[in-house]
Amino acid sequence: MGKSGKSKKKKLKVLIAASECAPFVKVGGLADVVGSLPKALEKINVDVRVVIPYYKEVQSSKFKVQSCNSKFKVKFGRAEEVGVYESRLPGSEVPIYFLENQKYLSGGGVYFSKDAFVSSQEEIRRFAFFSKAVVEFIKVSERKPDVVHCNDWHTGLVPGLIKSSKLGHSATVFTIHNLANQGFAELSILKNLNSITPESELIRWDAEDDNLDLMLQGVTAADVVSTVSPSYAKEILTPEFGEGLHQVLKAREARLFGILNGIDYQIWNPEMDQKIEFNYGLKEGPAGKVGNKIYLQKELGLTVNPEVPLIGVVTRLAEQKGIDILLEALKGILAFGAQLVILGVGDPKIEKELRIKNEELREKGSFKAIIRFDEELAHRIYAASDLFLMPSKFEPCGLVQIIAMRYGALPIVRETGGLKDTVEDAKTGFVFREYSAEALLEVVERAAGRFGVENIEFRQMISRAMQADFSWERSAGEYLQLYQRALEYKNLQSA
Ligand code: NHF
């Protein structure tokens, strides 16, 4: 880490390690969190920095990424050289470091696996290497973080590696963004980690079933563990949501916390958003959205009619997101006279089914699936939609329902995880409980029945949703407390 200001002595020094960070590289919601939480922490006087791999995808010139003229070695089987690059999170002074190594970090895409929940060994090697590189990076840095904040299985080895190295200085926090993807490494990886030492009892224990679960490593080795909503923090203690780790998590319950994600209201602001056709705010309410709706209906070849409810879906196409019940309910939803737009990429099976639906329903002018990653179109969908559907089977936090609220598109969500913690039924959106196409149809019927730009109740709901505060400022203070807790626990242990 480079030298920084003079009067920063008392600031808590935090290093956030993750696999993604928006806007440099984004695959999912994790990138949004890692790209925006540090900015809110900076505002409350935390000296925070971020470290991610230097993927080929990072647009170096756009983001003015510069070499730090610093290199170090990582022993991963053979010794590998890692280069350090640096930029700032846009709109802030937060430094972000990129670790470069052609063999493990900087070739190919971000993730290698098609299935979002099963990672290939190549991908696992990449992030095991990254985890080691993060620890070596700290060792060679002048500035030692008080707290290292790790995120998901990609950085799951960091807490254990910190403990077994001489880095007694740093406490560790491990945040679970999605327990469904744990990163199971073949045991052959151990020879690259050089970590089977008396200190790594946890590794021996985990390896007994012939693999190393990198999520489990993070959960067990970190000083404190968190996840991205209070409800999900409770749910993962049960067999239904615990993905095989509920007992381990239960054992760590006293150190497990749920902190709700926020969104960056500088980016997600319909009054200023350059990516939408017609800007609007609370004052205009639903009337301000009509122009955007007509624009999107034309753009996507839907029947142009502001009088019908337009339902948006912006999602990763994965089983978790409830696409199966959505497809089952699709004809019924359209039969209510609604229009439905889905934007997303993911599971090739779901992509294929959506393409078939596009063909089948082409004539109707009420359905369109757009199968690609398109951030700009996503903004236009939030601005145009009256309702926003998120029927997830489980949802650690979910960000799009929060964005939808800000854009006055009332979310229709299942009562689970962060969806339950952010949407209030009949106040800021519509909530349903049972995971079934029938229950989904029922709630969509209820929501579509309320729709009407002139409908006073609908307008009130939109006004409440647009004013709901899920800013990072709210949650950053809780993270600061979490970091302080991690330090206390660490000091207790080393006392
Ligand atoms: O919001 C960022 C995101 C969550 O629910 C989301 C998920 C992945 O599944 O924390 O991570």
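**Close-up 1. Just past helix H1, Asn-45 takes a positive phi of about 75°.** Welcome to this structure, which is a predicted model. The helix that comes just before Asn-45 is H1, made up of residues 29–43. Its 15 residues reach 22 Å from the first C-alpha to the last, close to the 21 Å expected at 1.5 Å a residue.

**Close-up 2. Helix H1 is largely enclosed by the rest of the structure, because eleven of its 15 residues are buried.** Look for the run from Val-33 to Leu-41, where Val-33, Val-34, Gly-35, Ser-36, Leu-37, Pro-38, Lys-39, Ala-40 and Leu-41 are among the buried residues. Leu-30 and Ala-31 are buried too. What covers these residues? The cover includes three strands, S1 (13–17), S2 (47–53) and S6 (147–151), along with helix H17 (472–494).

**Close-up 3. The ligand sits among 13 surrounding residues.** The closest are His-177, Asn-261, Glu-395, Cys-397 and Gly-398. By type, the shell around the ligand divides into six nonpolar residues, six polar and one charged.

**Close-up 4. Oxygen atoms of the ligand pair with polar atoms of the protein, as at His-177.** Here, an N or O atom in the His-177 side chain is 2.7 Å from a ligand oxygen. At Gly-398, a polar backbone atom lies 2.8 Å from an oxygen atom of the ligand. For Asn-178, the distance from a polar side-chain atom to a ligand oxygen is 3.4 Å. How much of the ligand's accessible area does the protein cover? Of the 290 Å² that the ligand has on its own, the protein covers 93%.

Methods. Residues are numbered from 1 along each chain as its sequence is written. This is a predicted model: local features need pLDDT of at least 70, side-chain atom pairs count only at pLDDT 80 or more; totals for chains, interfaces and linings use all residues. Side-chain values use heavy atoms; hydrogens and water are left out. Helices (H or I, at least four residues) and strands (E, at least two) are DSSP runs, numbered from the N terminus. The expected span of a helix is 1.5 Å times one less than its number of residues. Buried means under 20% relative accessible area, exposed over 50%, partly exposed in between (1.4 Å probe, protein chains only). Contact means heavy atoms within 4.5 Å. A residue is near a molecule or strand if one of its heavy atoms lies within 4 Å of it. A polar contact is a pair of N or O atoms within 3.5 Å; within protein, one must be able to donate a hydrogen and the other to accept it, and residues adjacent in sequence count only if both atoms are side-chain atoms. Accessible areas come from the Shrake-Rupley method with a 1.4 Å probe; for residues, only the protein chains shown count as cover. Ala, Val, Leu, Ile, Met, Phe, Trp, Tyr, Cys and Pro count as nonpolar, Asp, Glu, Lys and Arg as charged, and the others, Gly among them, as polar.
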